[in-house]
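Student: I should like a close look at the pockets of this structure. Please describe what lines them and which parts of the chain contribute.

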Amino acid sequence: MKTSKRTVWFLTLLSLVAVISIYYAKKDVPMPFDGIAIFTKETKDATKLLEKEGKSEEVKPVFAESYIFQDMRMQVRDERSEMVEQLTAKMTSPDSSADEKNELFNEIADLRKVSSTEALMEMQIQALGYPEVFVRAEEERVNVTVLSTESHSTKMADEITQYVLSSWDGAQTVKVDFAETKE
């Protein structure tokens with residue numbers, strides 16, 4: 001078998017790039033959660049050491065408000081998944097015409113687009129410096145609820161409103177609510 005030097009070099013470099021990319025991809029991935037690791041002897045000893053030092057009162061609680069946002073996201077996700085299931089059932093029924101199926105498919109695509117736009121908007125508003133954000137779109141209205149550690153102002157609300165209006169094509173009205181954390 002006769003191979004050119006160029007082919008050998010290309011395959012060598014390609015394999016090197018693959019190995020390096022896999023190395024860096026695996027390097028930043030956190031370890032998976034192992035529920036059994038909580039009950040090991042080392043963790044029990046560490047817990048006893050904290051209790052002996054009297055640091056149990058210094059532990060700050062986790063923001064309970066962020067769990068409320070997660071619950072609201074789950075509710076929205078459940079509602080939309082039910083709607084998608086209903087639309088899919090209508091779409092797969094033999095009674096539907098091709099035009100009806102096309103409309104139903106477009107509705108499903110719109111639901112998914114709104115969900116992804118909400119998630120993207122949440123991440124972008126969090127990048128502005130807010131710890132937790134919940135965005136909900138209802139037709140042309142966008143409701144934004146922000147968890148803020150500092151007191152809110154109309155300037156902050158205007159900043160978020162302008163950001164949403166400039167970033168979201170279908171947004172006509174933006175409502176911004178602030179919820180303060182208890183630290």
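Tutor: In this predicted model, the largest pocket has a volume of about 510 Å³. Its lining comprises 20 residues, and those closest to the pocket centre are D110, L111, V114, A137 and E139. Helix α3 (64-92), helix α4 and strand β1 (132-138) are the elements that each supply two or more residues to this lining. The greatest contribution comes from α4, which provides six residues. By class, the lining of the largest pocket holds 10 charged, seven nonpolar and three polar residues.

The second largest pocket encloses about 200 Å³ of space. Its lining consists of R73, V76, R77, R80, S115, E118, A119, E122, F134 and V135. Here, the elements giving two or more residues are α3, α4 and β1. Five residues of this lining are charged, four are nonpolar and one is polar.

The confidence of the model should be read alongside these pockets. The mean pLDDT of the chain is 77, and 76% of the residues score at least 70. Helix α4 (residues 98-127), which gives the most residues to the lining of the largest pocket, has the highest confidence in the chain, at a mean of 88. The lowest confidence belongs to helix α2 (residues 41-53), with a mean of 54. Over residues 49-63 the pLDDT is below 50, and this stretch has five contacts in the model beyond near neighbours in sequence.

How values were computed: Residues numbered from 1 in each chain as written. Predicted model: local features only at pLDDT ≥ 70, side-chain atom pairs only at ≥ 80, totals over all residues. Heavy atoms only, no water. pLDDT = per-residue confidence, 0-100. Helix = DSSP H or I, 4+ residues; strand = E, 2+ residues; numbered from the N terminus. Contact = heavy atoms within 4.5 Å. 1 Å grid on protein atoms, 1.4 Å probe; cavity = no way out; pocket = protein on both sides within 12 Å on 5 of 7 lines; lining within 4 Å. Points joined across faces, edges and corners; volume = space filled by probe spheres on them. Nonpolar A, V, L, I, M, F, W, Y, C, P; charged D, E, K, R; others polar.
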